[in-house]
Amino acid sequence: MSAAVVDSTSGMMLGSIGSGVDLEIAAAGNTEVVRAKMKTMRALGLNDVIEDILITMGKHYHILRPASRREGVFIYLVLDKQRSNLAMARRKVQDADKEMVF
C-alpha cells in the first residue's frame, strides 16, 4: 500500500510512496516505537540489533526496519493483510535496505 524512509531522530519522512495511510503521521508515531525499542534494549544491556519490528493489525501489516548502513533511519512499509505475503515483504524490505544509498 505504502512505504517511507524515515529519520528516527526527527520523525520526518525522507521519502515516501503509495497511499492508504497518512504517512507523515505514521512516520512520526512509528519513530516513537523504534526509539522505545532501542531504549529498552539499552536498558536490558542487549548487545544486538533490530532486524525489523512487525505490527499486525486487523487489516494491515506494518513493518519497521532500521537501516543497516545508516543509524537513525528506518524503512516503514504498510501492507494490505489480505493481498500480501508477509515473508516475501520482509525479504523485499531487507533487499531495499541493502540497496539504499545515502
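Here are a few exercises with worked solutions on this structure, which is a predicted model.

**Exercise 1. Work out which elements the protein chain has and in what order they come.**

Step 1: Start with the tally. You should find two helices and five strands in the protein chain.

Step 2: Now walk along from the N terminus. The elements run β-β-α-β-β-β-α.

Step 3: Check the overall build. The radius of gyration is 13 Å, close to the 13 Å that the globule rule gives for 102 residues, so the protein chain is as compact as a globular protein of that length. Along its principal axes, the C-alpha trace spans about 40 × 25 × 25 Å.

**Exercise 2. Put the strands of the sheet in order and find the edges.**

Step 1: Lay the five strands side by side. The order is S2-S1-S5-S4-S3, in an open sheet with antiparallel pairing.

Step 2: Look at the two ends of that row. Strand S2 (13-18) and strand S3 (53-56) have a single partner strand each, so one side of each is left without a neighbour in the sheet.

Step 3: Add the twist. On average, and ignoring direction, neighbouring strands here are turned by 10° against each other.

**Exercise 3. Take strand S5 and describe its partners.**

Step 1: Try strand S1 (residues 2-7). S1 pairs with S5 in the antiparallel sense over six bridges. Within S5, Ile75 is the bridge partner of Val5, and Val78 has Ser2 opposite.

Step 2: Go to strand S4 (residues 60-66). S4 and S5 are also antiparallel, over seven bridges. On this side, His62 is the residue that stands opposite Val78.

Step 3: Look at how S4 leads into S5. The two form a hairpin with six residues between them, and Gly72 in the turn has a positive phi of about 90°.

Step 4: Is S5 (residues 73-80) mostly covered or mostly open? Buried here means under 20% relative accessible area. Seven of the eight residues of S5 are buried, so by that cut-off the strand is mostly covered. For the protein chain as a whole, 34% of the 102 residues count as buried.

**Exercise 4. Place the two helices against the sheet.**

Step 1: Begin with H1. This helix lies across S1, S2, S3, S4 and S5, and runs at about 120° to S5.

Step 2: Turn to helix H2 (residues 86-99). H2 packs on the sheet too, touching S3, S4 and S5, and its direction makes about 30° with that of S4.

**Exercise 5. Find the largest nonpolar core and say what builds it.**

Step 1: Pick out the residues that touch the most other members. Among the 13 in this core, they are Val6, Val34, Ile50, Ile53, Leu64, Phe74 and Tyr76.

Step 2: Ask which elements supply them. S1, helix H1 (23-44) and S5 each give at least two residues to the core. H1 gives the most, with five residues.

Step 3: Zoom in on Phe74. Leaving aside neighbours within four places in sequence, Phe74 is in contact with residues including Val5 and Val6, Ala27, Val34 and Leu64.

Step 4: Look for a second cluster. Apart from the largest core lies another one, of eleven residues, with Val73, Leu77, Val93 and Met100 among them.

Definitions and conventions
Residues are numbered from 1 along each chain as its sequence is written. This is a predicted model: local features need pLDDT of at least 70, side-chain atom pairs count only at pLDDT 80 or more; totals for chains, interfaces and linings use all residues. Side-chain values use heavy atoms; hydrogens and water are left out. Buried means under 20% relative accessible area, exposed over 50%, partly exposed in between (1.4 Å probe, protein chains only). Helices (H or I, at least four residues) and strands (E, at least two) are DSSP runs, numbered from the N terminus. Two strands pair if DSSP finds at least two bridges between them. A nonpolar core is a set of buried Ala, Val, Leu, Ile, Met, Phe, Trp, Tyr and Cys residues joined through side-chain atoms within 4.5 Å. Contact means heavy atoms within 4.5 Å. Axes are lines fitted to C-alpha atoms, for helices over the stretch in contact, and angles run from 0 to 180 degrees between N-to-C directions. The radius of gyration is taken over C-alpha atoms; the globule rule is 2.2 Å times the number of residues to the power 0.38.
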